[in-house]
Amino acid sequence: MNVLVVDDEPALVHYIAAALKSETGNISMAMNGQEALSLLENIDPGMFPDLIISDVNMPQLNGFDMAQEVRNRYPQKLLPIVFLTGVSDSDIFANCLKAGDDFVSKPVDIAVLIAKVRTHLRHVRLFREVSHQRDQLKQFQETTVYEHAMASQIFERLMSFNVDGVPGVETFSGAFSLFNGDVTMVLHRPFGGLYIMIADATGHGLPAAISTIPAVKTFIATAKRGLPVGDMAIEINEHICTFMPVGTLLAGALVEVMPDGLTVNVWSGGLPDAYCLDKHGQILASYQGRHMALGAQAKGQFDATITRLALQPGQRLFFATDGVTEARNSAGKQLGEVGLIRTLSGCQGSLIAQAKRTLTAFAGDNGVTDDVSMLELTFPLIAPPREPLSEKGATYSVVPSTTHIVFDTALLKEADIVRDLRGRVKGMVGESTDLDLICTVASELITNALDYGILGMQSVSKDDVDGLLHYFSERQAKLNALSGDYVVKLDLVYQPEEGLFSMRLSHTGDGFDYQWHLHDKNHDADSLSGRGITLVRSICEKVTYSDEGRQVDVVFKLQMNE
């Protein structure tokens, strides 16, 4: 800590400086207020004082006027001023506290001065620590807001394929937190009819929402190929097992409505029972999920058998996720399937509206502790006309292109890499539905390379909120101190004919243990850290690390031909 002593008595200035030598790192001296202002104007930033000790009565510029000028010139700095005065007058003391922060009477009692210096420097240290934490929290908040905005755009793009406004199809999704781990989607069946999915991922919030990405992408792709729902379930299960951490499960039902609007094929696993009701609200049948949740069984063990239903006009099917049946009242009792059956029985109006009223009355605001989704189908279900297929792919560029980007140490420290990269990618693929997904992948790869490969950060320090604050503080400190000839190279290859976008990222750092980050058991669904590579694997067709983590190649399949 640095101190500036200002007094027109040289002997007193040197006496105070000697007394404070053990209390502070550097002591500057000035003989009057004007000299002090000149010193502050020209002093090295690292030597700028943290505390000023000044006499009140001095030639050229007195202490009060000097203090006012200091406040005017440096309004953003916390700079305590302790006045020295030989006048024992209450008005003078009041002016000392008005223009400055404290005072010591002359002749100076050095023990009192040292005690006051210690107190004010302690306040300065505390202020700086709080300000630093505030800045780190602000940075973390800005990063989180940006990442959440990117994630929201990804889910919005994926849900843009949903067919809205189908007569007889009513859905409801309520998120327990900012992001929803449940998903309901309606798609056209190529040969007439509809595909409908309702699913509930493990946990809730952003980790659960990320878990739905492979399922939604696969559901969209297989629907465009016109696959039976059993084959759809096989491919979704395979993608979850391949790309998501062990223990990631997706309870769900896949419904295929045939062109006649009354014949239905259903694959269901892990959801509460589904119910068939007539138009008067009488429950005609219940359908227990025959299978385990998606992701629970390997390919060779997976059961893809379906249930075929022949519905009559006016009959209804009702599906719900376990957020409905596991809602609790103030006594801790769950609504359960018995409570759901009582809710639906006799309902001649909207089953979803009736269930929502029951949840509100039964559980209130605090009893629902999971995402809630419901699906109600009233037969016959007739699919609306399809949009022309050409409109979906109209925004992709048709020109193959390659881009090579190099970030050196200076750019790594100062450039907004992700935002700059978005402009480059947009120039290659255009305003396509995959732009946000590609940018998310690039952002995660660059973050991993910089944090783990170059800065040597440890992700285990981000497993709680305090750990996150410490992580970002340490990261910024290491980034500010980064020196040397570090280079991050990024090669982007856009192949519209093959429908592929490839990226190769390499860097000259020490690398990192990518096998540990790829190992599924190191990432749980609710962790605050370790989701980056999991997210990349869920989005891309192929992710390959090499050279001890200094190089990674990814292949992203574009939606342009699907």
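Me: Which side chains does a polar contact of 3.1 Å join here?

Reply: Keep in mind that this is a predicted model. The pair is His120 and Asp102, whose side chains make that polar contact.

Me: Where does His120 sit, and what does it touch?

Reply: His120 is part of helix H5, residues 110-159. Leaving aside residues up to four places away in sequence, His120 touches Leu51, Pro80, Val82, Asp101 and Asp102.

Me: Is His120 buried or exposed?

Reply: The cut-off for buried is under 20% relative accessible area. His120 comes out at 10%, so it counts as buried.

Me: Let's try a helix. Which residues of H3 are buried?

Reply: For H3, residues 63-73, they are Gly63, Phe64, Met66, Ala67 and Val70. Now look down the axis: these buried residues fall within an arc of 160°, so they line one face of the helix.

Me: And what covers the buried residues of H3?

Reply: The cover includes strands E1 (2-6), E3 (51-55) and E4 (81-85), along with helices H2 (33-42) and H4 (90-99).

Me: What should I look at where H3 starts?

Reply: Go to Asn62. One of its side-chain oxygens reaches to within 3.0 Å of the backbone nitrogen of Phe64.

Me: Can we read H9 that way too? Which of its residues are buried?

Reply: In H9, residues 336-344, you'll find Gly336, Gly339, Leu340, Thr343 and Leu344 buried. Their arc around the axis is only 135°, which puts them on the same side of H9. Turn to the other side of H9 and you meet Val338 and Arg342, both exposed.

Me: What do the buried residues of H9 pack against?

Reply: Two strands, E11 (274-277) and E14 (316-320), and two helices, H8 (322-325) and H10 (351-363). Past the helix, check the backbone too: H9 is followed by Gly346, which has a positive phi, near 80°.

Me: On to empty space. How many cavities of 30 Å³ or more does a search of the whole structure find?

Reply: Two. Take the second largest, which holds about 40 Å³ of space.

Me: Which residues line the second largest cavity?

Reply: The lining is Leu445, Asn448, Ala449, Leu505, His507, Phe512, Tyr545, Gly549 and Val552. Helix H13 (435-454) and strand E18 (500-507) are the elements that give two or more residues to it. H13 has the largest share, with three residues.

Me: What is the makeup of that lining by class?

Reply: For the second largest cavity, six lining residues are nonpolar, three are polar and none is charged.

Definitions and conventions. Residues numbered from 1 in each chain as written. Predicted model: local features only at pLDDT ≥ 70, side-chain atom pairs only at ≥ 80, totals over all residues. Heavy atoms only, no water. Buried < 20%, exposed > 50% of the residue type's maximum accessible area, 1.4 Å probe, protein only. Helix = DSSP H or I, 4+ residues; strand = E, 2+ residues; numbered from the N terminus. Arc of directions from axis to C-beta. Contact = heavy atoms within 4.5 Å. Polar contact = N/O pair within 3.5 Å; in protein donor to acceptor, adjacent residues only side chain to side chain. 1 Å grid on protein atoms, 1.4 Å probe; cavity = no way out; pocket = protein on both sides within 12 Å on 5 of 7 lines; lining within 4 Å. Points joined across faces, edges and corners; volume = space filled by probe spheres on them. Nonpolar A, V, L, I, M, F, W, Y, C, P; charged D, E, K, R; others polar.
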